Amino acid sequence: MTVRHDRADAMRRRRFLTNAALGGATIIGATALGGLDAEAAFAAEPSLDPAIAKSTFVEGRITGITGSILEVTGSNGGHSRVQMTNVTSVWKVRATTAEVIEVGDGLYARGVKMPDGTVAADAVWVNIVNLDTQIRGIAKNRLHLAHGQHELVGHVAPDASASYAGRALTSDLSRLRIGQSAQVLGAWRPSDNSVDVVRISVGH
């Protein structure tokens, strides 16, 4: 894809997003407008619009849901309002819909700031985590991980993938070993403080 195409896509996404936030007509599916891969949440994503230096990001816990508005308390204590639109992409372990979002979930959103301060979300990642861990135990469909001073359980998602020493992703998790340092990309489960493991990288 060329730079010209990238810019055209970005402008199209922003226009669709703005229209949707302002009550525009139904538009095409959100994921068709841009990637929702979990790694995109942590990537140095270019702005949705070349005329804007940076996209707006919101992070924190969801403290209330009113219609299409998510009330979010940030880790710094600040408050944000995130508007879901019909072009907002939602990730919660995998691509899904806004109906799965719950009060108490963690949120990481990327979008465009509207005149009233609300952020119209282009993409929302729910409970996403990116952890540096060490593998302490391996069981069927489960990993025991150490993250800093904390022990946590990693539930291996059915479609989880692994990367060994920077190589291509594979569904073969059989080469994971106890004692390996591992980067875990997944989703936090607020109910028991465990995580769903979506992607695990070792040997980097």
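**Group meeting: a walk through a mostly-strand model**

The chain has one helix and twelve strands. What is the order along the sequence? The helix comes at the start of the pattern, and then the strands follow one after another: α-β-β-β-β-β-β-β-β-β-β-β-β.

Keep in mind that this is a predicted model. How confident is the predictor? The mean pLDDT of the chain is 81, and 74% of the residues score at least 70. Two stretches need care. Over residues 24-34 the pLDDT is below 50, although the model gives this stretch 20 contacts beyond near neighbours in sequence. Residues 49-53 also stay under 50, with seven contacts beyond four places in sequence.

Now some totals. The chain has 204 residues, and 45% of them count as buried. Its accessible surface is about 10900 Å², with 51% of that belonging to carbon and sulfur atoms. What about contacts along the sequence? Take the contacts between residues at least 6 apart: 58% of these join residues at least 24 apart.

Let me start with the early strands. Strand β1 covers residues 56-66 and runs antiparallel to β2, with five bridges joining them. One pair to look at is I65, which stands opposite L70 in β2. The two strands form a hairpin with two residues between them. In that turn, G67 has a positive phi of about 60°.

Is β2 covered or open? Mostly covered: this strand takes in residues 69-73, and four of its five residues are buried. On to its next partner. β2 pairs with β3, residues 79-83, again in the antiparallel sense, over five bridges. Within that pairing, V72 has S80 in β3 as its bridge partner. Here the hairpin has five residues between the strands, and G77 in the turn has a positive phi of about 90°.

Next, a loop residue. T118 sits between β6 (106-113) and β7 (119-126). Is T118 buried or exposed? It is buried, because its relative accessible area is 3% and the cut-off for buried is under 20%. Which residues does T118 touch, leaving aside neighbours within four places in sequence? The contacts are I69, R81, V82, Q83, V112 and K113. I69 brings us back to β2, which spans residues 69-73. R81, V82 and Q83 fall in β3, residues 79-83.

Now the later strands. Five of them close into a barrel, in the order β8-β9-β10-β12-β11, with mixed pairing. From one strand to the next, the twist averages 55°.

Let's go round part of that barrel. β8 and β9 are antiparallel, with five bridges. I138 stands opposite L143 in β9. Their hairpin has two residues between the strands, and N141 takes a positive phi near 60°. β9 then pairs with β10, also antiparallel, over six bridges. There, H144 has V153 in β10 as its bridge partner. This hairpin too has two residues between the strands; G148 takes a positive phi near 65°.

Then the direction changes. β10 and β12 run parallel, joined by seven bridges. A pair to find on screen is A162, opposite I200 in β12. For the general background, strands of a sheet pair through backbone hydrogen bonds, either parallel or antiparallel.

What about the interior? The largest nonpolar core has 15 residues. Those with the most contacts inside it are I135, L145, L176, V195, I200 and V202. Which elements give two or more residues to this core? They are β8 (128-139), β9 (142-147), β10 (150-164), β11 (181-189) and β12 (194-202). β12 gives the largest share, four residues.

Pick out L176. Not counting residues up to four places away in sequence, L176 touches I135, I138, L143, Y164, I200 and V202. Two of those are the opposed pair from the β8 and β9 pairing, I138 and L143.

Apart from that core lies another, of 14 residues. Its members include L70, V72, A109 and A121. L70 is the residue facing I65 across the β1 and β2 pairing, and V72 is the one bridged to S80. As a general point, in soluble globular proteins nonpolar side chains tend to be buried together.

To close: one core of 15 residues, another of 14 apart from it, and a five-strand barrel with mixed pairing. And remember residues 24-34, where the pLDDT is below 50.

Technical notes. Residues are numbered from 1 along each chain as its sequence is written. This is a predicted model: local features need pLDDT of at least 70, side-chain atom pairs count only at pLDDT 80 or more; totals for chains, interfaces and linings use all residues. Side-chain values use heavy atoms; hydrogens and water are left out. Buried means under 20% relative accessible area, exposed over 50%, partly exposed in between (1.4 Å probe, protein chains only). Contact means heavy atoms within 4.5 Å. Accessible areas come from the Shrake-Rupley method with a 1.4 Å probe; for residues, only the protein chains shown count as cover. A nonpolar core is a set of buried Ala, Val, Leu, Ile, Met, Phe, Trp, Tyr and Cys residues joined through side-chain atoms within 4.5 Å. Two strands pair if DSSP finds at least two bridges between them. Axes are lines fitted to C-alpha atoms, for helices over the stretch in contact, and angles run from 0 to 180 degrees between N-to-C directions. pLDDT is the predictor's confidence in each residue, from 0 to 100.
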